[in-house]
Amino acid sequence: MVVIHWTATSTLASALATLRPEVLSGRADIRSGGRLNVGAHFLVDRDGTVYRLQNETTLARHVIGLNRSAIGIENVGSGSLTAEQLRADTALVADLKARYPIEYLIGHFESQRFMGSPLWEERQPGYLTHKSDPGEAFMKALRRALAAWGLRLKSAP
Ligand SMILES: [Zn+2]
């Protein structure tokens, strides 16, 4: 699957400063899950420039429960993302879908729909955070742009 995020930071520099270290700092809310820093495979700046932060076949810590099956795309910003980011995310997800057997496209805020599915791999009871990124409007627009690709939101019951 692909999971879409926003960084909750306003600049590329601050996003990179958060994502670059290997070891987590701060983040009392997820510290119990291990010392590996949060990360993502791609970071999309406000102007739509895509930065590849790591190989998409290696694990990044970006979504509780689904990290082993999820490619993470972070978008610089919080609250609202840009038209340039929508265009970039659309092209990036289409490219990933063409290269990998991706079934699902979700926003971070939708991740807990997968609890109880075979893809959900969290074993620590109560290890959850509440997320709203990247907002319902952005996911709706992204799904509209990618409608032809047949990506799903949720696994079959
Ligand atoms: Zn997120």
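Biologist: Where does Gly77 lie?
Modeller: Gly77 is found in the loop between β4 and α2, and I should add straight away that we are looking at a predicted model.

Biologist: Is Gly77 buried or exposed there?
Modeller: Gly77 counts as buried, because its relative accessibility comes out at 2%, under the 20% that sets the limit for that label.

Biologist: And which residues does Gly77 touch?
Modeller: Leaving aside residues up to four places away in sequence, Gly77 touches Trp6, Thr7, Ala8, Thr9 and Arg46. Ile64, on the other hand, is 13 residues from Gly77 in sequence and 21 Å from it in space, C-alpha to C-alpha.

Biologist: Let's turn to the sheet; in what order do the strands run?
Modeller: The order is β3-β2-β4-β1-β5, which makes an open sheet of 5 strands with mixed pairing. At the edges stand β3 (50-52) and β5, and since each has a single partner strand, one side of each is left without a neighbour in the sheet. On average, and with direction ignored, neighbouring strands are turned by 25 degrees against each other.

Biologist: What packs on that sheet?
Modeller: Helix α2 does, touching β1, β2 (42-44), β3, β4 and β5, and the direction of α2 makes about 170 degrees with that of β4.

Biologist: How many bridges join β1 and β4, and in which sense do they pair?
Modeller: There are 5 bridges between β1 and β4 (residues 71-75), and the sense is parallel. To give one residue pair, Ile4 has Ile73 in β4 as its bridge partner.

Biologist: Now the metal: which protein donors does the zinc ion have?
Modeller: The zinc ion has His5 and His108, each through ND1, together with Asp133 through OD, and these donors lie 2.0 to 2.2 Å from the ion. Written as a sequence pattern, the spacing of the donor residues is H-x102-H-x24-D.

Biologist: Where in the chain do His5 and His108 sit?
Modeller: His5 belongs to strand β1 (residues 2-6), while His108 is in the loop between β5 (105-107) and α3 (136-145), so that 103 residues separate the two and the pair links distant parts of the chain.

Biologist: Why do His5 and His108 count as buried?
Modeller: His5 is called buried because its relative accessibility is 1%, and the label holds for His108 because the value there is 8%.

Biologist: Different topic, how many aromatic pairs are there?
Modeller: The structure holds 1 aromatic pair, formed by Tyr104 and Phe114 in an edge-to-face arrangement, with 5.1 Å from centre to centre and 75 degrees between the planes. Tyr104 lies in the loop between α2 (83-99) and β5, and Phe114 in the loop between β5 and α3, so the pair ties together parts that are 10 residues apart in sequence.

Biologist: Are those two rings' residues buried or exposed?
Modeller: Tyr104 counts as buried at 8% relative accessibility, and Phe114 is buried as well, with a relative accessible area of 0%.

Biologist: Last one: where is Asn67 found, and which backbone nitrogens lie by its side chain?
Modeller: Asn67 is found in the loop between β3 and β4, where it is buried with a relative accessible area of 16%. The backbone nitrogen of His62 lies 2.8 Å from a polar atom of the Asn67 side chain, and for the backbone nitrogen of Val63 the corresponding distance is 2.9 Å. Not counting residues up to four places away in sequence, Asn67 touches Leu59, Ala60, Arg61 and His62.

Methods:
Residues numbered from 1 in each chain as written. Predicted model: local features only at pLDDT ≥ 70, side-chain atom pairs only at ≥ 80, totals over all residues. Heavy atoms only, no water. Donors = N, O, S within 2.8 Å, 3.2 Å for Na, K, Ca; no water. Helix = DSSP H or I, 4+ residues; strand = E, 2+ residues; numbered from the N terminus. Buried < 20%, exposed > 50% of the residue type's maximum accessible area, 1.4 Å probe, protein only. Phe/Tyr/Trp six-rings, centres within 6.5 Å; stacked < 30°, edge-to-face > 60°. Pairing = 2+ DSSP bridges. Axes fitted to C-alpha atoms, helices over the stretch in contact; angles between N-to-C directions. Contact = heavy atoms within 4.5 Å. Polar contact = N/O pair within 3.5 Å; in protein donor to acceptor, adjacent residues only side chain to side chain.
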